[in-house]
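Take a look at the inside of this protein. The report covers enclosed space and nonpolar packing.

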Amino acid sequence: MAPHRRSRPPSPMGIRTPAIATAALTSVALLSQTANAAPSEEPKPSLEEVEKKVGDLYRQAETAGEKYNAAKEKTTKQKKRVDTLLDDVARRTEKLNDAREELGTFAAAQYRTGAAAPDTASLLLADNPQDYFDQTQLMDRLTSRQKQSVDDYVTQQTATTEKRQEASESLETLTRTQSSLKTSKADVQRKLATARDLLSKLTTEEKARLAAIERQKQEEAQRKADELARQQAADAERRRQEASQGTGTSTGTGTGSAVGTSGSASTAKADKALAFARAQVGKPYVWGASGPGSYDCSGLTQAAWKAAGVTLPRTTWDQVKSGTTVSVNSAQPGDLVFFYDDISHVGIYIGDGMMIHAPKPGAYVREESIYYMPVHSVVRPA
């Protein structure tokens, strides 16, 4: 070995310095903890978030339910139309066959007498008899009775073809509506399933807190209903005073009698609608239902006014157009109260800021403040 090099004492095989060993052990421990750690989970939503999410899902389900109601109503009407058209096509086909048989009789007679049988036979086979006439002189060789038979045949074939086309188009429309019906139904079921899943994950304590939030919401809505009741009572008293001071001498006029009669008739209908609605209190909300054992919101209002002799459309979007819009302060018993910007819910006003309605899945027909939800408008059906 060269004298300028200094030998290094060899380290024992497998032995490391304390610092390196500590770092290695720490690294192994961290790797072990990482390997054994459970996969990261999404943070659990707060109770307030769950409450809002469930409320939104119920609203979305109700909107989808109204779409289902609209599609179902259209399906019923379209099916009736298709059935009518198909019956009409069947009758016209029968008449067409009769006309064809009569022409066939003439063709056979012409063949036996050596007349223009081939021309008549060609007529029977023609796709468009009128085009055939335009290209031949057949009509000149037919008797008046034969001409009438040909005219009948052409008329029947044209009408039958048109009706078949109309029936075909109606069937296509019906198929599209039925597809929309299935889509809306699946949408409702999907949203309700999501809401049930969220609620099922709540602890007992969280469910109690959620019930407390609901009670607070109900109390605030009732407070607003009481305020409206006081305002309506004050307005009614003012109108009575104004009437007694300014119109006392005209009470017995013909015009006054007519107005009173009309008002009495409207009140009688509203009373019948309300009586029906009250009799449904306690029955379950079921989307798409219109009685008698269960209801959704528009199904209940439709059935209530039907009991009063007034026909309302099926959906909230059509019902809101079926009457006179009035202010909330002017609402009278029997009026329809609509909610949310998309007009997806409706109840029937009973006075004092209260209504009867079919609220949501899992609930029952009940009386409740109209301020439980944001009011969109008030409509008087009759």
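How do the residues of the lining of the largest cavity divide into nonpolar, polar and charged? They split into 8 nonpolar, no polar and 2 charged. Here Ala, Val, Leu, Ile, Met, Phe, Trp, Tyr, Cys and Pro count as nonpolar, Asp, Glu, Lys and Arg as charged, and the others, Gly among them, as polar.

This is a predicted model: local features need pLDDT of at least 70, side-chain atom pairs count only at pLDDT 80 or more, and totals for chains, interfaces and linings use all residues. Residues are numbered from 1 along each chain as its sequence is written, and side-chain values use heavy atoms, with hydrogens and water left out.

**Cavity.** The count is 1 cavity of 30 Å³ or more. A cavity is a set of points on a 1 Å grid over the protein atoms alone where a 1.4 Å probe fits but cannot get out; lining residues have an atom within 4 Å of a point. The largest cavity holds about 50 Å³. Its lining includes Y58, W287 and K360. The largest share of that lining, 3 residues, comes from α2.

**Cores.** A nonpolar core joins buried Ala, Val, Leu, Ile, Met, Phe, Trp, Tyr and Cys residues through side-chain atoms within 4.5 Å. Buried means under 20% relative accessible area (1.4 Å probe, protein chains only).

| Core | Size | Residues, among them |
|---|---|---|
| Largest nonpolar core | 44 residues | W305, F338, I348, I356 |
| Another core, apart from it | 13 residues | A221, V326, Y349, M373 |

In the largest nonpolar core, W305, F338, I348 and I356 have the most contacts inside it.

Notes:
1 Å grid on protein atoms, 1.4 Å probe; cavity = no way out; pocket = protein on both sides within 12 Å on 5 of 7 lines; lining within 4 Å. Points joined across faces, edges and corners; volume = space filled by probe spheres on them. Helix = DSSP H or I, 4+ residues; strand = E, 2+ residues; numbered from the N terminus. Buried < 20%, exposed > 50% of the residue type's maximum accessible area, 1.4 Å probe, protein only.
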